[in-house]
Amino acid sequence: MANCVFCDSEAIFTDFPHVAMQKVQCGLCGEYQIANQLLSHLPDQQDWARTAEILSKAARAASDAGTPLKLKSEPDVLTAIARYLPKAAAEREAE
Ligand SMILES: [Zn+2]
């Protein structure tokens with residue numbers, strides 16, 4: 001068993017070798033798909049801990065909405081964050 005790249009909880013990985021992606025089922029982040037190349041490179045990013053926290057919540061929200069994140073490349077990651085952040089800000093305002 002491997003750990004979720006976003007929240008470091010135990011997660012179930014399903015390998016899709018033909019597209020070099022993994023489906024991840026995480027108790028915290030829900031379900032998402034991520035390219036092998038991102039799995040190995042993302043954690044090297046500067047400020048990764050903060051980005052990972054946002055991605056964990058973005059993945060959960062997308063998974064709950066029935067449209068799991070499919071992160072094939074870096075732009076997909078940025079898009080996921082950009083889509084999620086306004087929602088998070090709106091929720092904070094509603095509190
Ligand atoms: Zn997770």
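These legends walk through close-up views of one predicted protein model.

A word on the model first. Residues are numbered from 1 along each chain as its sequence is written. Because the model is predicted, local features need pLDDT of at least 70 and side-chain atom pairs count only at pLDDT 80 or more, while totals for chains, interfaces and linings use all residues.

**Figure 1. The whole chain, with its three helices and five strands.** Helices (H or I, at least four residues) and strands (E, at least two) are DSSP runs, numbered from the N terminus. Following the sequence, you meet them in the pattern β-β-β-β-α-α-β-α. The C-alpha trace spans about 40 × 25 × 20 Å along its principal axes. The radius of gyration is 13 Å, which agrees with the value near 12 Å for a compact globule of 95 residues; this radius is taken over C-alpha atoms, and the globule rule is 2.2 Å times the number of residues to the power 0.38. Buried residues make up 24% of the 95. Here a residue is buried if 20 or more other C-beta atoms lie within 10 Å of its own, exposed if 12 or fewer, and partly exposed in between, with C-beta atoms placed from the backbone.

**Figure 2. The open sheet of five strands.** The strands stand in the order E1-E2-E3-E4-E5, and their pairing is mixed. Two strands count as paired if DSSP finds at least two bridges between them. E1 and E5 (70-71) are at the edges with a single partner strand each, so one side of each has no neighbour in the sheet.

**Figure 3. The hairpin of E2 and E3.** Strand E2 (residues 10-16) pairs with E3 in the antiparallel sense over six bridges. Look across the pair to find threonine 14 opposite lysine 23, and isoleucine 12 opposite glutamine 25. Four residues lie between the two strands. Alanine 20, in the turn, has a positive phi of about 55°. Most residues other than glycine have a negative phi. With 13 C-beta neighbours inside 10 Å, alanine 20 counts as partly exposed.

**Figure 4. The hairpin that joins E3 to E4.** Three residues make the connection. E3 and E4 pair in the antiparallel sense over six bridges, and valine 24 stands opposite tyrosine 32 in E4.

**Figure 5. Aspartate 8, in the loop between strand E1 (2-3) and E2.** Its phi is near 70°, a positive value in a residue other than glycine. Aspartate 8 is partly exposed, with 13 other C-beta atoms within 10 Å.

**Figure 6. The largest nonpolar core, with 19 residues.** A nonpolar core is a set of buried Ala, Val, Leu, Ile, Met, Phe, Trp, Tyr and Cys residues joined through C-beta atoms within 7 Å. The residues with the most contacts inside this core are Cys4, Tyr32, Ile34, Ala59, Leu69 and Leu71. Strand E3 (21-26), strand E4 (30-35), helix H2 (48-64) and helix H3 (74-94) each give two or more residues to the core. H2 gives the most, with four residues. In soluble globular proteins, nonpolar side chains tend to be buried together.

**Figure 7. Leucine 69 and its contacts.** Two residues are in contact if their C-beta atoms, placed from the backbone, lie within 7 Å. Leaving aside neighbours within four places in sequence, leucine 69 touches Tyr32, Gln33, Ala58, Ala59, Ala62 and Ala80 by this rule.

**Figure 8. Lysine 57 in helix H2.** Lysine 57 is buried, because 20 other C-beta atoms lie within 10 Å. Beyond four places in sequence, lysine 57 is in contact with Tyr84 and Ala88. Arginine 92 is 35 residues from lysine 57 in sequence and 14 Å away in space, C-alpha to C-alpha.

**Figure 9. Aspartate 44, in the loop between helix H1 (36-41) and H2.** Aspartate 44 is exposed, with 7 other C-beta atoms within 10 Å. The C-alpha atoms of aspartate 44 and lysine 57 are separated by 20 Å, with their positions 13 residues apart along the chain counted as the sequence separation.

**Figure 10. Helix H3 from end to end.** H3 has 21 residues and reaches 31 Å from its first C-alpha to its last, close to the 30 Å expected. That expected span is 1.5 Å times one less than the number of residues. H3 is hardly covered, and the count of buried residues in this helix is two.
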